[in-house]
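Let's take a walk through a protein together. Have a look at the model first, and then we'll go from the whole chain down to a couple of single residues.

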Amino acid sequence: MKRFNKTASATGMLIAFLLSPVVHAQETMIVTDQGNAIETFIYGQGSETLIIAAGNGRPASDLEMLAEGVAESGDLRVVTYNYRTIGESRSPLTEITLHDFADDVWRIADALGLRQVHLAGKTYGNRVMRTASADQPDRVSSLILIGAGGEILPSAEVQEKYLRYIDPNVSREEWLQLHAELNFAAGNRHLATAANEEYPALASAQVAASNATPSSEWVDGGTAPMMVITCLQDVVAVPQNGLNIAMSRPNTWLVGIAECGHNMVFEQPEALRLLLVQYVSRIAAGNR
């Protein structure tokens, strides 16, 4: 059982710091605001802060190695968090939209006293971060999309498999098989065994929240400089999505990574780490 070692109040929020963090973060805290609790993990002490959101129905622990690597590589503080209902996070999942998930991001930023932040989202998380950026564009220094979908749909076969993937009633064996087929390039499917946690009920609720939000409210991701990172073998967020964003939006960079599918965090971790460090550092240098 976790114990609290201190609490603090900031802008009406209760922040509880835990003695026994779930991941190997330098600091773990619970941000509580208006009945919402967000379990948050902080890496490093850099002058620039990057908040990263995980994929559809995925825990913050998926981002642990990436966050540690980015924080160790530059003058960056990296923040990850558990979505609603994962770990110590407690917030409603019914009758919500992407704006509710975006509000959780800004609760974290407010609790840390941050006026300006860099935002990154992996797969579904990039929808959350695009919404957060669109909702408060003046607070976003840069925006990074890791596996961007939303416009060009995957094939009918992939869509059918994905519906099974987010079905709370699917067996563990079938879920792992679908996880490998949907989220990894053919040569990387052995890496799918690293997924030792599953949250299909959350994943389903997140899809519903996305469907309840008009794409016009989030797809452009506000006005911040953007980098779109796409994997060339991604069958879920097909690469054409990234190309379309880069061609239609000013101040947007596009990077394609070979030999990975929908889960570059595990498939190409070093390439992803370098891209995040270099891009955020370049934007930060330009703002000084």
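What percentage of the 288 residues of the protein chain count as buried? The answer is 55%. Keep in mind that what you're looking at is a predicted model.

Now for the overall build. The protein chain is made of nine helices and ten strands. If you lay the C-alpha trace along its principal axes, it spans about 50 × 45 × 35 Å. How does that fit with a compact globule? For 288 residues, such a globule would have a radius of gyration near 19 Å, and the protein chain has 18 Å, so the two agree.

You can also ask who touches whom. Take the contacts between residues at least 6 apart in sequence: 68% of them join residues at least 24 apart.

On the outside, the protein chain exposes about 12,300 Å², and carbon and sulfur atoms supply 52% of that area. As for charges, there are 21 positive and 32 negative ones, and their mean positions are 4 Å apart.

Time to zoom in on two loops. Gln-34 lies in the loop between β3 (27–33) and β4 (36–43). Its phi is near 55°, a positive value in a residue that isn't glycine. Gln-34 has a relative accessible area of 68%, so it counts as exposed, the cut-off being over 50%.

Then hop along to Asn-251, in the loop between α7 (240–248) and β10 (252–257). Asn-251 isn't a glycine either, yet it has a positive phi of about 55°. With a relative accessible area of 48%, Asn-251 is partly exposed.

Definitions and conventions
Residues numbered from 1 in each chain as written. Predicted model: local features only at pLDDT ≥ 70, side-chain atom pairs only at ≥ 80, totals over all residues. Heavy atoms only, no water. Helix = DSSP H or I, 4+ residues; strand = E, 2+ residues; numbered from the N terminus. Buried < 20%, exposed > 50% of the residue type's maximum accessible area, 1.4 Å probe, protein only. Rg over C-alpha atoms; globule rule 2.2 N^0.38 Å. Contact = heavy atoms within 4.5 Å. Areas by Shrake-Rupley, 256 points an atom, 1.4 Å probe, with all protein chains shown as cover. Lys, Arg positive; Asp, Glu negative; His and termini not counted. Charge placed at Lys NZ, Arg CZ, Asp CG, Glu CD.
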